[in-house]
Amino acid sequence: MDGNMLVTMFLVAFVLVGGALVFSHFIAPKSVNYQKFEPYECGIPTKGVSWLQFNVGYYLFAILFLVFDVETVFIYPWAVVMKEVGLVGYIEILIFFVILVLGLLYAWKKKALTWA
Amino acid sequence: MQLENFLLMRHELLLLLLALLVLVFEIFTDDGKIHKIIPWITGLFVLVTFAGFLPQTEGVLFGGMFRITGMQIMMKNILNVGVAIILLQSAVWLKKPENSGKISEYYILLLSTLIGMNFMISSGDFLMFYLGLELATIPMAVLAAFDRYRNNSAEAGIKLILSSALSSGILLFGLSMLYGMTGSIYFDAINANINQSPLMALSLIFFFAGMGFKISLVPFHLWTADVYEGAPVSVTSYLSVVSKGAAVFIFSIILFTVFDKLSGYWINMVYALAILTMTVGNLFAIRQKNMKRFLAFSSIAQAGFILLGILNASEFGMTTIMYFVLVYIFSNLGAFGVVSAISYFTGKENMDDYDSLYKNNPKLSLLLTISLFSLAGIPPFAGFFGKFFLFMSAASQGYYWLVFIAVLNATISLYYYLLPVKAMFINKSETPLPVIKSDVYTRIALILCAVGIFGVGFYSPVYEWIYQLVLQFGI
Amino acid sequence: MIEGIPLHLILVVATVMFFTGIYGFLTRRNLITILMSIELILNSVNINFVAFNRYLYPQHLQGQFFSIFIIAIAACEAAVAIAIIINIYRRFTTINVEDVSEMKY
């Protein structure tokens, strides 16, 4: 790989972002208005407060889903080579699952799964 | 793979078993009984610490991802000793009613971070290094935000997780460029293919910046004071001692073994950052009134002194770093132990509150005094030998100016380390703090620190022992 | 190999993403947006790793595996950060960084 070319690319990207930062700082009209602090900066005013009092269960479910969903990504590489790695690989993935299940049990014990 | 090969990961496996044990106990026990776990876990952890000192074979696992040598075992043992003291110190704090629902969480998170640090120290490639680093950082943010009902604690948690996420992002970008240049993520292969091209230097800078955040070197230190002040005291001591020690260990291992051909670049960076870190840490420490913030800035300054050891990329430099971290663990945990005991029993954390402390609490005052003297590097205590060896290792490479600046900084630090001592012994106060009856855990921890401060300094075989292990590792 | 797309174009995309993330991290005032900037940084690293792996070193899959782990860890990081942000919202009733700062030098 051509190191010099990559350095050039890097510098170009740096200058682009840094330049945009400096340039916009100088030419942008400074206006501080309420719309800038809207959650959706698309011009349509939001009605009420965007941070409504959602049931905290939503957040807990979302966070739990986020973590457990992504952990499954590790099962795919194992599934591809399942036959080659044999019993040892099977036991290792079992250990992985046991730890995940312990995490789920913990969430259960902490009543994160009950919709209250 | 042979099953007995897994014994090479003895430290990690024991800690993992302990963490899973706590988790299972938490799941299958009523909430009211969980406080019974405190003596068990503390005792088991002390056993694990002793088990770490058993002789162990060296070797390589997972095709080179995981290496274990005598030096790395020693590093893990040093960290284990620190964590054992912290667990002893935090027992009384965990028994508070407000913490009753999260005792096991504290242990699980603390042990996870320690497992992460152990994997990080033993890593043989950048993937394992990154995994260990993140495992050591993410639970740490939860620990910092542990006091759910205190605003400062939540603030500390978010500052820690955002700044560490940014720093690992920067570090990863450097690693990706390194991968693009060398085609490997293994330390050996990278070291074989490394060259002096500008892109290599760039990836080194990114790596350096990322690690600078973790060790809180000066241009990257802005999160440190707020996080240290906001987090619970035992977490602060953990962050400033164990976590920083682990980061310094792996930082110096990677600089010495992976980037050794680029030493022309990083020696200059370390040189500049050492001066900045020592000076800025000291100048800010002078102005602090809150004891936790004070110790936070003093620990930034200490990180600057550790950089002196990194400048000497040899067995000597590595030994001085490990020795200094060992001494630093005892001294800093001694200071934090007293601060945490006073903060727990009276709720006072400011330096003014320490006026006339000696009147009612002579033992605590004496211990805080010797810890601060050791941190300052006053001769009979271990801290002096730690600093002395660091200065020696930098001077042996000819960095006399740097050593001169370091000595100047050590003198400045003497001034502010004496401020709490003056408050305790000389300042008069109408209402000195009442007599503090500390519990048995805290006492054991404080006695251990005192023994360490005197023992490590006077018992010279410790240094020789570390030196032999580093020689076997070979740098 | 993707037909007709040279490596350096992909790298420019990744680098611009990286610096956009840094820019967002430094200028945004909303904690969630800062978190999104960090995701941008991590994803730019993923692009780098996968592109290097595919174009330069297709015989091993080290780069792709690295990015799988980065994805998983980014999810954990986001989960923890969001949990702390929820706690911050309960304590401060705002997630603007300037208001979430009680400790001062």
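# A tour of chains A, B and C

Start by selecting chain B: a compact globule of 475 residues would have a radius of gyration near 23 Å, and chain B, at 21 Å, agrees with that. Before going further, keep in mind that this is a predicted model.

**Stop 1: chain B as a whole**

Stay on chain B and orient the view along its principal axes. The C-alpha atoms then fill a box of roughly 65 × 60 × 40 Å. Switch to a cartoon and you will find 19 helices and two strands in chain B. Colouring by burial is worthwhile here, as 61% of the 475 residues count as buried. Contacts are worth a look too: among those in chain B with a separation of 6 or more, 81% join residues 24 or more positions apart.

**Stop 2: the nonpolar core**

Next, bring up the largest nonpolar core, which has 221 residues. The members with the most contacts inside it are Ala141(B), Ala144(B), Ala246(B), Leu308(B), Met322(B) and, from chain C, Ile84(C). Helix α13(B) contributes the largest share of this core, with 19 residues.

Now centre on Ala141(B). Which residues is it in contact with, leaving aside its neighbours within four places in sequence? In chain B, select Gly157(B), Leu160(B) and Ile161(B); in chain C, select Val80(C) and Ile84(C). Ile84(C) is thus a contact of Ala141(B) as well as one of the core residues listed above.

**Stop 3: a pair of helices**

Select residues 233-257 of chain B for helix α10, then residues 315-346 for helix α13. At what angle do the two pack? The angle is about 170 degrees, and the axes lie 8 Å apart. Angles over 145 degrees count as roughly antiparallel, so α10(B) is roughly antiparallel to α13(B).

Show side chains along the contact. On α10(B), the residues involved include Val233(B), Ser237(B), Val241(B), Gly245(B), Val248(B), Ser252(B) and Phe256(B). On α13(B), look for Met318(B), Ile321(B), Val325(B), Ile329(B), Leu333(B), Phe336(B) and Ser343(B), among others. Colour the contact by residue class and you will see twelve nonpolar and nine polar residues, with no charged ones.

**Stop 4: two loop residues with positive phi**

Most residues other than glycine have a negative phi. Two residues of chain B invite a closer look on that account.

Go to Phe62(B), in the loop between β1 (59-61) and β2 (66-68) of chain B. Phe62(B) is not a glycine, yet its phi is positive, at about 55 degrees. Is Phe62(B) buried, exposed or partly exposed? With 14 other C-beta atoms within 10 Å, Phe62(B) is partly exposed.

Then jump to Ser216(B), in the loop between α8 (198-215) and α9 (222-230) of chain B. Here, too, a residue that is not a glycine has a positive phi of about 55 degrees. Ser216(B) counts as buried, because it has 28 C-beta neighbours inside 10 Å.

**Stop 5: where chain C meets chain B**

Display chain C alongside chain B. The contact brings together 34 residues of chain C and 30 residues of chain B. On the chain C side, α1 (7-27), α2 (31-55) and α3 (62-92) each supply at least two residues. The largest share comes from α3(C), with 17 residues. Coloured by class, this side of chain C has 26 nonpolar, five polar and three charged residues.

**Stop 6: where chain A meets chain C**

Turn to the other contact of chain C: 19 residues from chain A and 20 residues from chain C take part. Select α1 (3-27) and α2 (56-71) of chain A, each of which supplies at least two residues to the side touching chain C. Helix α1(A) gives the most, with nine residues. This side of chain A has 18 nonpolar residues, no polar ones and one charged.

**Stop 7: chain A on its own**

Finally, isolate chain A. Its elements run α-α-α-α from the N terminus on, giving four helices and zero strands. Repeat the burial colouring: of the 116 residues of chain A, 2% count as buried.

Finish at Lys83(A), in helix α4 (residues 82-109) of chain A. Lys83(A) counts as exposed, because it has 7 C-beta neighbours inside 10 Å. For a last distance, pick the C-alpha atoms of Lys83(A) and Tyr59(A): the two residues are 24 residues apart along the chain, and these atoms are separated by 39 Å.

Technical notes: Residues are numbered from 1 along each chain as its sequence is written. Chains are lettered from A and ligands numbered from 1 in the order in which they are written. This is a predicted model: local features need pLDDT of at least 70, side-chain atom pairs count only at pLDDT 80 or more; totals for chains, interfaces and linings use all residues. Axes are lines fitted to C-alpha atoms, for helices over the stretch in contact, and angles run from 0 to 180 degrees between N-to-C directions. Angles under 35 degrees count as roughly parallel, over 145 as roughly antiparallel, 65 to 115 as roughly perpendicular and the rest as oblique. Two residues are in contact if their C-beta atoms, placed from the backbone, lie within 7 Å. Ala, Val, Leu, Ile, Met, Phe, Trp, Tyr, Cys and Pro count as nonpolar, Asp, Glu, Lys and Arg as charged, and the others, Gly among them, as polar. A residue is buried if 20 or more other C-beta atoms lie within 10 Å of its own, exposed if 12 or fewer, and partly exposed in between; C-beta atoms are placed from the backbone. The radius of gyration is taken over C-alpha atoms; the globule rule is 2.2 Å times the number of residues to the power 0.38. A nonpolar core is a set of buried Ala, Val, Leu, Ile, Met, Phe, Trp, Tyr and Cys residues joined through C-beta atoms within 7 Å.
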